Amino acid sequence: MTAETSQTLDRGLRVLKLLADTDHGLTVTELSNKLGVNRTVVYRLLATLEQHALVRRDLGGRARVGLGVLRLGRQVHPLVREAALPALRSLAEEVGATAHLTLVDGTEALAVAVVEPSWTDYHVAYRTGFRHPLDRGAAGRAVLMGRGPEKDLGPGFVLTHGELEAGASGAAAPVRGVTGIEGSVGVVMLIDAVPQQVGERVVKAAQEVADALR
């Protein structure tokens, strides 16, 4: 810690990160051990975070992330979209297809940024806010693929045809290595099958987006 930082705020943020990394919550004792501070400090941190609805405690006393983080999360999409746009523009112009960044929203895939190519006569209309199940379409399938170990990624991208729109094919690659972000970058094309080299270009774009978000 430097003189310019707040130890209490740092500990509070570490509490949130620890709780975000578990599905079962943590007890005061567990948090105390992980933070290396006494239980009294943890009680104070939790009480403050509870006042802002950032933490909740169940009947068993285990602390979990609170619903207040959702209000903060709503502001994330515009920031992510802005960071991803340069890579998406480059991808759309180079491939001549609609490029998109898709993030996980519950059990669905949600398009948060879409860029259409400027020079093509026609392209797929794909809109920000479009949702679909994670197990349908290249974007969702790429997210699911990205949840596995890197050694199982194969070529690193997913190709689909006609799963979301008749006559349209998609290619997508997972965005990996960005804390708190689970998503994919992809393109949608009006062809029967996406060429292998387009899939490889999508992988490169996904890495560019990941680099921009770190």
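Two strands count as paired if DSSP finds at least two bridges between them, and the helices (H or I, at least four residues) and strands (E, at least two) named on this tour are DSSP runs, numbered from the N terminus. The model is a predicted one, in which local features need pLDDT of at least 70 and side-chain atom pairs count only at pLDDT 80 or more, while totals for chains, interfaces and linings use all residues. Residues are numbered from 1 along each chain as its sequence is written, and side-chain values use heavy atoms, with hydrogens and water left out.

Begin by selecting Leu159, whose bridge partner in E7 is Ala171. Extend the selection to the whole of E6 and E7, which run antiparallel and are joined by four bridges.

Now show the full open sheet, whose six strands follow the order E5-E4-E3-E8-E7-E6 with antiparallel pairing. At its edges stand strand E5 (131-133) and strand E6 (158-161), each with a single partner strand, so one side of each has no neighbour in the sheet. On average, neighbouring strands here are turned by 30° against each other, direction ignored.

Add helix H6 (residues 138-146), which packs on the sheet and touches E3, E4, E5, E6, E7 and E8 (contact means heavy atoms within 4.5 Å), its direction making about 30° with that of E7. Helix H7 also packs on the sheet, touching E3, E7 and E8, and its direction makes about 35° with that of E7; such angles run from 0 to 180 degrees between N-to-C directions, with axes fitted as lines to C-alpha atoms, for helices over the stretch in contact.

Next, select Leu88, Leu91, Leu101, Val175, Val185 and Val187, the residues with the most contacts inside the largest nonpolar core, which has 31 residues. A nonpolar core is a set of buried Ala, Val, Leu, Ile, Met, Phe, Trp, Tyr and Cys residues joined through side-chain atoms within 4.5 Å, where buried means under 20% relative accessible area with a 1.4 Å probe, protein chains only. Among the elements supplying at least two residues each are helix H5 (76-95), strand E3 (98-105) and helix H7 (196-213), and H5 gives the most, with seven residues. Apart from this core lies another, of 16 residues, including Val15, Val42, Leu49 and Val55.

Finally, select helix H2 (residues 28-35) and helix H3 (residues 39-51), which pack at an angle of about 110° with their axes 9 Å apart. H2 is therefore roughly perpendicular to H3, a label that covers 65 to 115 degrees. Here Val28, Thr29, Leu31, Ser32 and Leu35 in H2 meet Arg39, Val42, Tyr43, Leu45 and Leu46 in H3.

Terms used:
Buried means under 20% relative accessible area, exposed over 50%, partly exposed in between (1.4 Å probe, protein chains only). Angles under 35 degrees count as roughly parallel, over 145 as roughly antiparallel, 65 to 115 as roughly perpendicular and the rest as oblique.
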